[in-house]
Amino acid sequence: MKKIEISRRRFLQGSVALCVYATSSFSFTSQHDDTTTTLKNIPYLCNMCRNKCAGFARVENGKVSKLDPNHYFPKSRNMLCPKGNAGIDALYDEDRLKYPLIRVGERGDGRYKKVTWDEAYEYIKEKLVTIIDEEKDNRSTIAYCNGEGFNKDEYIQFFGSKLGSANFLDEGSICLNTKLGATQLTIGDIGEMDVAGSDYLIISGANRYESLITPDSIDMLHVKQKLVVLDPRCTVTATKADEYLPLYPGTDLAFCLSMMYVALEEKLYNKTYVQEYFEDFEKLKKHILQEKYTPEWAEKKTHIPAKKIYQISREFFSAKNPLYYLGRRSVWSQNDFQLRRAMVLINALAGSINKKGGIIFGKPFVLKKEEINEPFYNNTQDRFDLDGIVYGSRKGGSWLNFREQVVTQKTPYKVRTMFIRKHNIMQNMPNIAKTKQMLEMMDLVVVLDTMPSDTAMMADVILPECTYLEREDMVVSFNRLEPSLALRNKVIEPLYESRSMQDILKGLGKKLSQPLFEVSAKYDEELQESIEELGKEKAFEEGGYDLAELYQNDITTRNKALIIKDFGVEVYTSLKTKGVWHPYIDEQKEIVNNYYQYYPQQKRFYSVSRDYKVQCFLKKLKKAGFDAMPTWHNHYDFTPQKGSFRLITGRYITSTQTATTNNIILKEFKEKNCVWINNRVAQQMGIADGDSVVLSSSIGSVVIQAYPTNKIAPEVVWFAHGFGTDSQELTHAYGKGASDNVLIEDRFEKIYGCATMHETDITIRKL
């Protein structure tokens, strides 16, 4: 297949022109000079980051030539960011995985042989059946993981509900679980932040203008009254703020506690809201005031002047629609859960819950799940990684706790197999060396991915999954304020021998079902009784042991049946032609150039009727020996070791973790990362711009180029996540920049088991 070349100039022109090419899926043929061109515009949902913007793919003679934004989608509002435009290279990247592969060398050396799909399935079957037999049908000897994105629930259904393992892990414990958990436990829902409706916005740490450009990022520019940004680094977001407050890493909680102190001491809080919705308000008030979390106290912790804290607090609580933005990034420190709790409580004290400009509950569309017959495996043992974790997530677990127990061989049973999909665990977790050690202990590692990542290079079997433009996925419900349904339609057929996840699991399920049933029949007494009563064939069918049950019909048939049954034919037609449906799609109108109104103002779900209480005091935390309310401890103080620097990380707009660094289009914008170091410190150390320096922590070291700047504090250094790839198969990313997770120590907090990313001190040496 001829590679489609896209110049940087052409890419930039496409990025700036935000007009939609067509309003529906269509095709036509044109003849010129005895040639025929078939042109289609097909609606799809992007997968270049977690935002899932909608677009139209221009397909000429079976090849995707351009990606355009879709103006029908309230979530992405006719926008497509640089990563979204560069999705075309994710499809045509010459380095992408093309065929099933089986390892022939040592684990990690990159030596594989091309095999057929059946050979790959057979290899997995032989290994897996032996392992589960030796473990006497304990299906939890298999661990399986999946990163953020569509199809995760189906993946869990296959390996958890049908195959029977309890050990699923995802990105939550290295990403948003503390934020999601803190919000859910405090107000009963994770909610949605109405940034566009806010007139006073405080952002702690989240760098939306530099790391994730989406419509709600743009909304932050339009805050009518004031934008306040707290960050140890003067980010692009900080430069857009009305007030930028540099503070020490990990001290945001002290700032929040002092804001609550001012609100309670000066009685600035919304008394009517507090009286109606708060539980244990007097406990919270007594705690904050008795601990004397004054702005003067917070100044010593945060480095923000007390006078400024008083000012911001008074302005915030006097605003009509204030919002303390909860953030959209990984865990910072040991106090992160309590920080997120404090943020929610500040919003609640201001009455900014279930109202315009605050945290809204909204009214999302509910999609019914497909029912399947789930077998019961009597010999499967429970997961172990949440032992000692107060809440945690049974769905996604605690990655660092899981890995630690496997590596130190403290697990209650052996974990011998890992299935890894869309989750580059060799690069996305602190302490890469320990992840490598864990994978080396496995008897079988299977990777489903589109690219030969560092994790794929540790696999025994690599199964090439097709990209998001080559598949249809199950319909998804989006948004709470302006709810809609959206569908990822297949744009072209899968290239090479890649397959969709559904097709991969269907083939694997057919290969594994009967052999694994025989293993269960060997050890499971209840199954033996069922076989004796019903016979093997009926016990197999009625017991739900057919692992491919969900895939009796293809994804298009499943979507059609589900959508038409619950929403009707017109909705299905809209999803296939426009990619989106919402109740007012035929009435939406363009307000100004490329800016649309989707829902009429009076039809948006700013406030909904529901019973909830703001929980100030969490009894389960108290019982487990943790703080029931947000509390500061002296070990939270910012105290880097003498001669050391606190390492903090983030990302660029052109990067989605490690998934996009091989993209040849995005590479032109940011090929590698560099380390930000205070310019005065750099001068004292004889470090100039572009000099190579060695950064070292207790677990490793990297070489990276220096960027001296006055936009970072003397005791802090920063560099972007997503670089430093070791896989030589990624020809555009290999050897470019450094990986932060070589340095970041593998600590985790004990409330949700989340990795703490900003508690590692490093030293710097000029080469």
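Q: Which residue in β29 is the bridge partner of R646?
A: The model is a predicted one, and in it strand β25, residues 645-650, pairs with strand β29, residues 716-720, in the parallel sense over five bridges. Strands of a sheet pair through backbone hydrogen bonds, either parallel or antiparallel. R646 has its partner in β29, and that partner is V716.

Q: Which residue in β30 is the bridge partner of L647?
A: Strand β25 also pairs with strand β30, residues 760-766, here in the antiparallel sense and over three bridges. The bridge partner that L647 has in β30 is T760.

Q: How many of the six residues of strand β25 are buried?
A: A residue counts as buried when its relative accessible area is under 20%. Strand β25, which pairs with β29 in the parallel sense, is largely enclosed by the rest of the structure, because the number of its six residues that are buried is five.

Q: Which strands are the edge strands of the open sheet β6-β5-β18-β17-β16-β7-β8?
A: Seven strands make up this open sheet, and their pairing is mixed. An edge strand pairs on one side only, and this holds for the strand at residues 112-114 and for the strand at residues 167-170, which are β6 and β8.

Q: What is the average twist from one strand to the next?
A: The sheet in question is the open one that runs in the order β6-β5-β18-β17-β16-β7-β8. From one strand to the next, its twist averages 20°.

Q: Which residue in β18 is the bridge partner of L101?
A: Strand β5, residues 101-103, and strand β18, residues 461-464, run antiparallel and are joined by two bridges. For L101, the bridge partner in β18 is I462.

Q: How many of the 11 residues of helix α5 are buried?
A: Helix α5 spans residues 152-162, and its buried residues include Y155, I156, F158 and F159. Among the elements that cover these buried residues are β7, β8, β16, α19 and α22. The helix is largely enclosed by the rest of the structure, because the number of its residues that are buried is 10.

Q: Which residue forms a salt bridge with E154?
A: Side chains of opposite charge can pair when their charged atoms come close. E154 counts as buried at 7% relative accessibility, and its partner counts as buried at 6%. The closest N and O atoms of the pair are 3.0 Å apart, and the partner of E154 is R558. Because one residue lies in helix α22 and the other in helix α5, the pair ties together parts that are 404 residues apart in sequence, and the residue in α22 is R558.

Q: How many residues apart are D153 and K395?
A: D153 and K395 form a salt bridge, with their closest N and O atoms 3.0 Å apart. D153 is partly exposed, with a relative accessible area of 44%, and K395 is partly exposed as well, at 45%. The pair links distant parts of the chain, since D153 lies in helix α5 and K395 in the loop between β15 and α16, and the separation is 242 residues.

Q: Are R383 and D385 buried or exposed?
A: The side chains of R383 and D385 meet in a salt bridge, with a distance of 2.7 Å from N to O. As for their surroundings, both R383 and D385 are buried.

Q: Which side chain of opposite charge is nearest to K83?
A: K83 lies in helix α2, residues 82-85. A polar atom of the K83 side chain lies 3.2 Å from the backbone oxygen of S655, and the residues that K83 touches include M48, C49, I653, T654 and S655. K83 is buried yet has no salt bridge, and the nearest side chain of opposite charge, 10 Å away, is that of E148.

Q: Is N78 buried or exposed?
A: N78 lies in the loop between β4 and α2, and its phi is near 65°, a positive value in a residue other than glycine. Most residues other than glycine have a negative phi, and most peptide bonds are trans. With a relative accessibility of 2%, N78 counts as buried.

Q: What is the relative accessibility of K422?
A: K422 is found in the loop between β16 and α17, and its phi is near 50°, a positive value in a residue other than glycine. K422 counts as partly exposed, because its relative accessibility is 29%.

Definitions and conventions: Residues numbered from 1 in each chain as written. Predicted model: local features only at pLDDT ≥ 70, side-chain atom pairs only at ≥ 80, totals over all residues. Heavy atoms only, no water. Helix = DSSP H or I, 4+ residues; strand = E, 2+ residues; numbered from the N terminus. Buried < 20%, exposed > 50% of the residue type's maximum accessible area, 1.4 Å probe, protein only. Lys, Arg positive; Asp, Glu negative; His and termini not counted. Salt bridge = Lys/Arg side-chain N within 4 Å of Asp/Glu carboxyl O. Polar contact = N/O pair within 3.5 Å; in protein donor to acceptor, adjacent residues only side chain to side chain. Contact = heavy atoms within 4.5 Å. Pairing = 2+ DSSP bridges. Axes fitted to C-alpha atoms, helices over the stretch in contact; angles between N-to-C directions. Lists of a residue's contacts leave out its neighbours within four places in sequence.
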